[in-house]
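Visitor: Could you take me through a close look at one part of this model, with the cut-offs behind each term spelled out as you go?

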Amino acid sequence: MRLFALAALTLLLLPCTAQATDLALTNATVYTQPDRPPLHDATILIHDTRIVAVGPTKSTKLPTTARIIDCTGLTITAGFWNSHVHFLPPQLLHADHQPPAVLNAQLQTMFTRWGFTTVFDVASPLSNTSNIRSQIEAGKLLGPHVLTVGDPFWVKTPVYVQRYLAEYNITMPEAHSIPEAVARVDRQIQDGADGIKIFAGSIEADHVELMPLDLARAIVAEAHRHNKLVFSHPSTIKGVELSLDAGVDILAHVTTDEAGESGTTWPPELVARMKAAHMSLVPTLTLFDVELQKGKASPEVTQQVIALAVSQLYAYASAGGQILFGTDIGYIDHYDTAEEFQLMSRAGMTFPQVLASLTTNPAQRFGYASRSGRITPGFDADLVILKSDPATDVTALSHVAYTIRNGQIIFNSQSPATQNSSQQPQ
Ligand SMILES: [Zn+2]
């Protein structure tokens with residue numbers, strides 16, 4: 001009897017405890033999903049980690065103790081995904097010895113201040129990314145939900161990676177035989193990898209080293225046996241064809257490098273094959289600008305290569321191919337997302353298409369469509385509050401006021417210092 005009474009008392013107390021974590025975002029313009037017009041003067045109510053209500057501000061009932069953020073003049077979308085990042089900047093390496101303040105500052109600089117609530121790391125040392133992921137999930141760090149492929153599979157380490165590995169005293173293996181590669185796929189998935197990445201074409205000093213097709217096929221088949229998706233770095237059109245022949249799911253870049261020559265746009269037959277194979281594409285257009293500037297290319301050459309990259313995205317997006325937003329940050333240190341949004345617009349993508357590449361497309365592709373990518377009751381409270389409406393200017397997607405993950409404010413532009421933004425909503 002006493003036990004029963006205690007249980008009843010606990011139940012009575014529960015709503016009080018829970019009220020402390022109600023967060024209401026009021027008077028906002030809300031894009032619940034890319035293919036719907038926005039709600040105006042809308043309120044989103046979050047309870048703990050989930051969205052519990054979305055509706056007109058005047059008719060949405062709020063718990064009296066809810067923390068309220070007045071979002072008048074602000075626009076809210078679902079939290080963004082970045083489907084091509086790396087945990088490679090020195091501040092994120094050797095995470096077991098790195099002070100939390102350093103890790104937090106870097107996670108904010110790269111991810112949360114740009115609205116990313118989920119990121120897919122597509123090649124970094126698996127144990128290090130796993131360490132950071134665990135610290136985020138344990139609440140020790142403020143960061144996005146992290147998915148990772150861990151260590152990549154390449155037959156020869158790309159020339160630009162060789163320098164990096166030597167500088168930071170890191171090793172990443174090469175894949176030389178099918179049995180050894182298949183065993184590593186199994187091991188990495190067992191150790192927590194969410195996908196696998198191959199380099200169909202690996203850029204070397206004077207050529208692009210293609211992965212043998214039988215090796216690529218064996219790696220992809222083993223990943224698929226574990227229900228994991230495979231990314232590919234193609235480098236060239238040959239690399240795209242090899243990726244298609246091997247059964248790859250996601251291209252990590254467009255292609256601009258044909259063995260040292262500038263590439264060509266993707267022919268319709270190639271686009272049709274990619275589409276038929278349900279291949280997704282992460283364009284990473286900004287990367288080419290950054291790399292060419294680093295290589296001191298002339299402005300004319302840089303513009304030609306960007307135009308080529310844009311034309312390939314245009315070819316795939318206009319054919320109805322699935323586009324996943326991604327910028328290769330962590331390899332490049334150009335973290336501002338505005339240029340990528342501008343270039344995606346130049347490739348003919350509309351605001352709803354760009355928003356889909358940030359939200360519903362990756363949620364669908366990576367198996368999170370029932371909980372992520374849209375603003376609807378029951379979904380994860382992963383949200384981006386923007387300073388202005390991106391429907392009229394797509395670069396507004398890079399002007400982030402707040403980033404909220406699992407109902408927690410993980411970035412606040414008004415108190416951007418990490419120690420301030422780590423305050424829990426009260
Ligand atoms: Zn990359």
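**Contacts of His207, and the zinc site**

Guide: The side chain of His207 makes a polar contact with the side chain of Glu209 at 2.7 Å, where a polar contact is a pair of N or O atoms within 3.5 Å, one of which, within protein, must be able to donate a hydrogen and the other to accept it, with residues adjacent in sequence counting only if both atoms are side-chain atoms. The His207 side chain also has a polar contact, at 2.9 Å, with the side chain of Asp206. This is a predicted model, in which local features need pLDDT of at least 70 and side-chain atom pairs count only at pLDDT 80 or more, while totals for chains, interfaces and linings use all residues. Residues are numbered from 1 along each chain as its sequence is written, and side-chain values use heavy atoms, with hydrogens and water left out.

His207 sits in the loop between strand 10 (201-203) and strand 11 (208-210), helices (H or I, at least four residues) and strands (E, at least two) being DSSP runs numbered from the N terminus. With a relative accessible area of 31%, His207 is partly exposed, that is, between buried (under 20%) and exposed (over 50%), for a 1.4 Å probe and protein chains only. Its C-alpha atom is separated by 9.7 Å from that of Asp257, 50 residues apart along the chain.

Turning to the metal, the zinc ion is coordinated by His84 (NE2), His86 (NE2) and Asp328 (OD) at 2.1 to 2.2 Å; donors are N, O and S atoms within 2.8 Å of the metal (3.2 Å for Na, K and Ca), and sites may look incomplete because water is not among the atoms. His86 counts as buried at 7% relative accessibility, and Asp328 counts as buried at 3%.
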